[in-house]
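Me: I would like to learn how to read a structure feature by feature. Where should I start?

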Amino acid sequence: MDNIKALKNSLTITFLLVAIGMSSCVNKVSIPDDVRPTLVIDLQMLRGSDNILAKVHTTNNLNGSYPIEKPGDVFIQVQDVNSDNFIDFIYNEETKVYDYIGSETFLIPNKQLRLKAEIYGSDIPKIRAFSTVPKWNEIVDTELVSSRIYKDSEGLEFWQGTIKFNFENLNTNESLFYQLKLNEKLQTKSIENEEVVYTSILPDATPFTIVSVTSGQFAVKELVNEEGLWIDLDKMDDEFFEIEIRSNYPIELENQTSDNLFSEVVSITEDHYNYYLGLNNIETSSNSLFSEQGLYRTNIEKGFGIFSTCVTKNVEINLTQ
């Protein structure tokens, strides 16, 4: 138990990583007591991101992390397994991380990528990892099951509703993993020329509050300190799940509405899902006798951390249709 607490503290304080990765090669590992120094890397490649970062340090047992003495000597490269294309990550003196600024053309769904990293002139083992860029996942059918007005302790009223996400018509035998972010905008609704018109009072989208997952809890999880819902479609028994969400905008405007979900559908790999699930279980296992034991998960060969890829798309869902 002391080891688990030490891991929790170390991960929380020194290198809570940023994430996205691939399939069944994710390993659950306990903390090694005393081994030779090892590279730890966090490289999560999101298609559409303006700046992709790699964080790297060394450690000998995950209970401590150590900066690399000469960061410029670290070689980090991601290669297309089936072609000669590659990208190099270069150390940025100002931000103290390794970055790559490029186009989206490298992260193509179904492309298999290989990470290679080493410290030149060092005895620390070279590391490698693989990730296959996922396809764009779909949200097939969405239904507003019920809605009501929620009144808080100060007497303010908020819209609250139960939403059903149905995957019955997805027609796939693949294992699919999602991070689903559900956002709202402060909007009003009017009828003009017999057509419904929505007006955004504020341009930015903000997250709905997820009150609860009311069905499909084995497949749909909320993770500590992470946004949205994390979904493993293989664990969905009934091909649908239901959640209850609440607006964060008190009902103060005439014709104010919460008809629209501004969702972000992030397609993630199994590695990415399992990595964050492991961090979540580490965070929660010490507080409950019934939680899954918290074990650190990694897909890095001869090292630790995560190498993952993901793609994302924005989907606007109108709950009245």
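Reply: Start with the nonpolar core. This is a predicted model. In soluble globular proteins, nonpolar side chains tend to be buried together. Here the largest nonpolar core has 27 residues, and those touching the most other members are Leu-43, Met-45, Ile-76, Val-78, Phe-89, Leu-115 and Phe-307.

Me: Which elements give two or more residues to this core?

Reply: The contributing strands are β2 (38-46), β3 (52-59), β4, β5, β7 (112-119), β8 (127-132) and β22 (304-318). Another core, of 26 residues, lies apart from it. Among the members of that other core are Trp-159, Leu-176, Leu-182 and Phe-241.

Me: How many bridges join β4 to β5, and how do these strands run?

Reply: Strand β4 covers residues 74-80 and strand β5 covers residues 86-92; they run antiparallel and are joined by four bridges. The connection between β4 and β5 is a hairpin of five residues. For a single pair, take Ile-76, whose bridge partner in β5 is Phe-89. Ile-76 and Phe-89 are also among the residues listed for the largest core as touching the most other members.

Me: What should I keep in mind about side chains along a strand?

Reply: In a regular strand the side chains alternate between the two faces of the sheet.

Me: Which residue of β6 is the bridge partner of Tyr-91?

Reply: Tyr-91 has Tyr-98 as its bridge partner in β6. Strand β6 spans residues 97-100, and three bridges join it to β5 in an antiparallel arrangement. The hairpin of β5 and β6 has four residues between the strands, and in this hairpin Lys-96 takes a positive phi near 65°.

Me: How should I read a positive phi?

Reply: Most residues other than glycine have a negative phi, and most peptide bonds are trans. Two asparagines are further cases to look at. Asn-225 is not a glycine, yet it has a positive phi of about 65°. Asn-225 sits in the loop between β16 (220-221) and β17 (229-232). Asn-255 also is not a glycine and has a positive phi of about 65°; its place is the loop between β18 and β19 (256-257).

Me: Is Asn-225 buried or exposed?

Reply: Asn-225 has a relative accessible area of 66%, so it is exposed. Asn-255 has a relative accessible area of 47% and is therefore partly exposed.

Me: What is the strand order in the open sheet of four strands?

Reply: The order is β9-β10-β18-β15, and the pairing is antiparallel. To find the edges, look for strands that pair on one side only: these are β9 (141-151) and β15 (209-215). From one strand to the next, the twist averages 20°. Five bridges join β15 to the antiparallel strand β18 (residues 240-246). Within this pairing, Val-213 stands opposite Ile-243 in β18.

Me: How do I approach charged side chains?

Reply: Side chains of opposite charge can pair when their charged atoms come close. The structure holds 11 salt bridges. One of them has the side chains of Glu-118 and Lys-126 meeting at 4.0 Å, N to O. With a relative accessible area of 18%, Glu-118 is buried, whereas Lys-126, at 56%, is exposed.

Me: Why does the pair of Lys-181 and Glu-227 tie together separate parts of the sequence?

Reply: The side chains of Lys-181 and Glu-227 meet in a salt bridge of 3.8 Å, N to O. Lys-181 belongs to strand β11 (residues 177-184) and Glu-227 to the loop between β16 and β17, so the pair ties together parts 46 residues apart in sequence. Lys-181 counts as buried because its relative accessibility is 15%. Glu-227, with a relative accessible area of 47%, is partly exposed.

Me: Where do Lys-189 and Asp-259 lie?

Reply: The side chains of Lys-189 and Asp-259 meet in a salt bridge of 2.9 Å, N to O. Lys-189 is in strand β12 (residues 187-192) and Asp-259 in the loop between β19 and β20 (260-268), so distant parts of the chain, 70 residues apart, are linked; Lys-189 is partly exposed because its relative accessible area is 30%. Asp-259 has a relative accessible area of 12% and is buried.

Me: Which residues do salt bridges with shared partners join into one network?

Reply: That network consists of Lys-181, Glu-227 and Glu-264.

Definitions and conventions:
Residues numbered from 1 in each chain as written. Predicted model: local features only at pLDDT ≥ 70, side-chain atom pairs only at ≥ 80, totals over all residues. Heavy atoms only, no water. Pairing = 2+ DSSP bridges. Axes fitted to C-alpha atoms, helices over the stretch in contact; angles between N-to-C directions. Buried < 20%, exposed > 50% of the residue type's maximum accessible area, 1.4 Å probe, protein only. Core = buried A, V, L, I, M, F, W, Y, C linked by side-chain atoms within 4.5 Å.
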